[in-house]
Structures are given as structure tokens and as C-alpha cells.
Amino acid sequence: MLDRIQKNIALIFDVDVVIEQNLMDLSEHYDPERLQYNANSLLALVNSLHTNQYLRTIGLFRVDIFIPILTFIFGQATFEGTCGIGSLYRLRNEKYGLPRNDELLYERFRKVIIHELGHTFGLIHCQTPSCVMRSATYVEDIDQKKHRFCTHYEENQRHFLNKTNF
Ligand SMILES: [Zn+2]
Ligand SMILES: [Zn+2]
């Protein structure tokens with residue numbers, strides 16, 4: 001799947017994409033009360049790994065991630081920053097008692113990654129149902145949108161003033 005993601009992201013953003021595997025101890029990012037991993041902390045970790053050698057760095061995880069104001073998130077990024085994160089955890093069909101579907105998992109994960117990278121490039125949330133920059137609360141929201149940017153996101157820019165988008 002990483003191979004497909006690498007090729008697709010390269011195509012969408014017209015850049016070279018390098019995949020690096022890091023086996024890291026994430027225990028310091030774990031919240032024992034929520035039984036989840038702190039996404040702000042993981043984003044800071046990815047920021048610390050980013051070097052100027054790359055345009056953007058996006059950390060891909062398989063753990064359940066949250067930010068304090070939300071039960072869970074699929075990913076987050078620093079608006080007009082250099083880094084983002086995304087997690088597979090809530091994208092797996094098995095999580096919802098449904099049969100494993102690798103194609104659907106790939107589609108969901110690439111949408112999350114494209115969405116978060118969009119934030120790093122200054123794109124804000126979009127109301128167009130099919131637009132990849134539409135915000136997603138549930139996995140069904142991800143399934144309803146496409147992996148592409150629409151042309152209308154600029155119209156909604158004034159609604160999004162947060163420094164960090166998710
Ligand atoms: Zn849009
Ligand atoms: Zn977002």
C-alpha cells in the first residue's frame with residue numbers, strides 16, 4: 001500500500017516522494033487515560049524529524065490518535081507548515097465489524113494524506129461534497145469524497161482561521 005501511496009502522492013502533487021520506515025517507541029506519546037496517542041505530540045515528533053532536504057514530511061501511523069477536543073482524528077497538519085500526520089487505525093473496515101477491504105483502506109488513507117498535505121500547502125476545509133478538503137468526522141465522510149481537490153476551496157477560506165487543521 002505504501003508503494004501505491006508513494007506513486008499517487010507523487011502524481012497528485014507533482015513531486016518526488018520518498019518513503020522511510022521508522023520503527024519508533026511511541027510510548028511517550030501515549031495517553032494512559034484515553035488509551036490513545038496524542039496527535040499534537042506525534043505531530044511535534046514528525047516536525048522534529050523533518051529536514052530541509054524535503055518539502056514536506058507526513059508521518060503515517062497505525063495507532064489511535066486524538067486531540068484534546070475530539071474523540072479521535074484521522075490526521076492533522078500544521079496549516080502552511082511543513083508536516084502532517086495520518087493514521088490507519090480508524091480507517092480499517094475491521095474496526096467497524098466489517099470484512100477487511102485493502103482497496104478501501106488504500107482509498108481512505110490516501111484521501112487522509114492528500115487532505116493533510118493540502119493543509120500544509122495552505123488549503124482550508126471545503127464544503128464541496130466530493131472535494132478531498134472537505135472535513136471528515138466519520139469514516140463514511142471520507143468514503144463520500146474523492147481524492148481530488150475541487151476548484152472552490154478558496155471561497156471558504158474565511159471560515160477557517162485555526163492554526164492547526166484536522
Ligand atoms: Zn474543494
Ligand atoms: Zn482538515
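**Strands S3 and S6**

I looked up Phe61 first and found that its bridge partner in S6 is Ser87, and that the bridge partner of Gly59 in S6 is Ile85; helices (H or I, at least four residues) and strands (E, at least two) are DSSP runs, numbered from the N terminus. S3 and S6 pair in the parallel sense over 5 bridges, where two strands count as paired if DSSP finds at least two bridges between them. I keep in mind that this is a predicted model, in which local features need pLDDT of at least 70 and side-chain atom pairs count only at pLDDT 80 or more, while totals for chains, interfaces and linings use all residues. Residues are numbered from 1 along each chain as its sequence is written, and chains are lettered from A and ligands numbered from 1 in the order in which they are written.

I then checked the burial of both strands, taking a residue as buried if 20 or more other C-beta atoms lie within 10 Å of its own, exposed if 12 or fewer, and partly exposed in between, with C-beta atoms placed from the backbone. S3 is mostly covered, with 5 of its 5 residues buried, and S6 is likewise mostly covered, with 5 of its 5 residues buried. In S3, Thr57, Gly59 and Phe61 point one way and Ile58 and Leu60 the other way; in S6, Cys83, Ile85 and Ser87 point one way and Gly84 and Gly86 the other way. I note that in a regular strand the side chains alternate between the two faces of the sheet.

**Gly59 and Glu107**

I looked more closely at Gly59, which is placed in strand S3 and is buried, with 21 other C-beta atoms within 10 Å. Leaving aside its neighbours within four places in sequence, Gly59 is in contact with Leu42, Val46 and Ile85, contact meaning that the C-beta atoms of two residues, placed from the backbone, lie within 7 Å. For Glu107, which lies in helix H3, I found partial exposure, with 16 other C-beta atoms within 10 Å.

**The S5–S6 hairpin**

On S5, I found 3 bridges joining this strand to S6, and the two run antiparallel; Ala77 stands opposite Gly84 in S6. S5 and S6 form a hairpin with 4 residues between them, and Glu80 in the turn has a positive phi of about 55°.

**The open sheet and helix H2**

I next traced an open sheet of 3 strands, in the order S1-S2-S4 and with mixed pairing. Its edge strands are S1 (30-31) and S4 (65-66), each of which pairs on one side only. Strand S2 (residues 36-38) is joined to S4 by 2 bridges, and the two run parallel; Asn38 has Phe66 in S4 as its bridge partner.

Helix H2 (residues 39-49) lies across S2 and S4 and runs at about 55° to S2, where axes are lines fitted to C-alpha atoms, for helices over the stretch in contact, and angles run from 0 to 180 degrees between N-to-C directions. I list Ala39, Leu42, Leu43 and Val46 as the buried residues of H2. They cover an arc of only 100° around the axis, which puts them on the same side of H2; the arc is that of the directions from the helix axis to the C-beta atoms. What covers these buried residues includes S2, S3 (57-61), S4, S5 (75-78) and S6 (83-87).

**The core**

I turned last to the largest nonpolar core, a nonpolar core being a set of buried Ala, Val, Leu, Ile, Met, Phe, Trp, Tyr and Cys residues joined through C-beta atoms within 7 Å. Of its 29 residues, Ala39, Leu42, Ile85 and Ile113 touch the most other members. H2, S3, S6 and helix H3 (102-120) each supply at least two residues of this core, and the largest share, 5 residues, comes from H3. Leaving aside its neighbours within four places in sequence, Ile113 is in contact with Ile5, Ile9, Ile58 and Gly86.

**Confidence**

For pLDDT, the predictor's confidence in each residue, from 0 to 100, I noted a chain average of 92, with 91% of the residues scoring at least 70. Over residues 156-166 pLDDT stays under 50, and the model has 23 contacts beyond four places in sequence for them. Where pLDDT is low, the predicted coordinates should not be read in detail.
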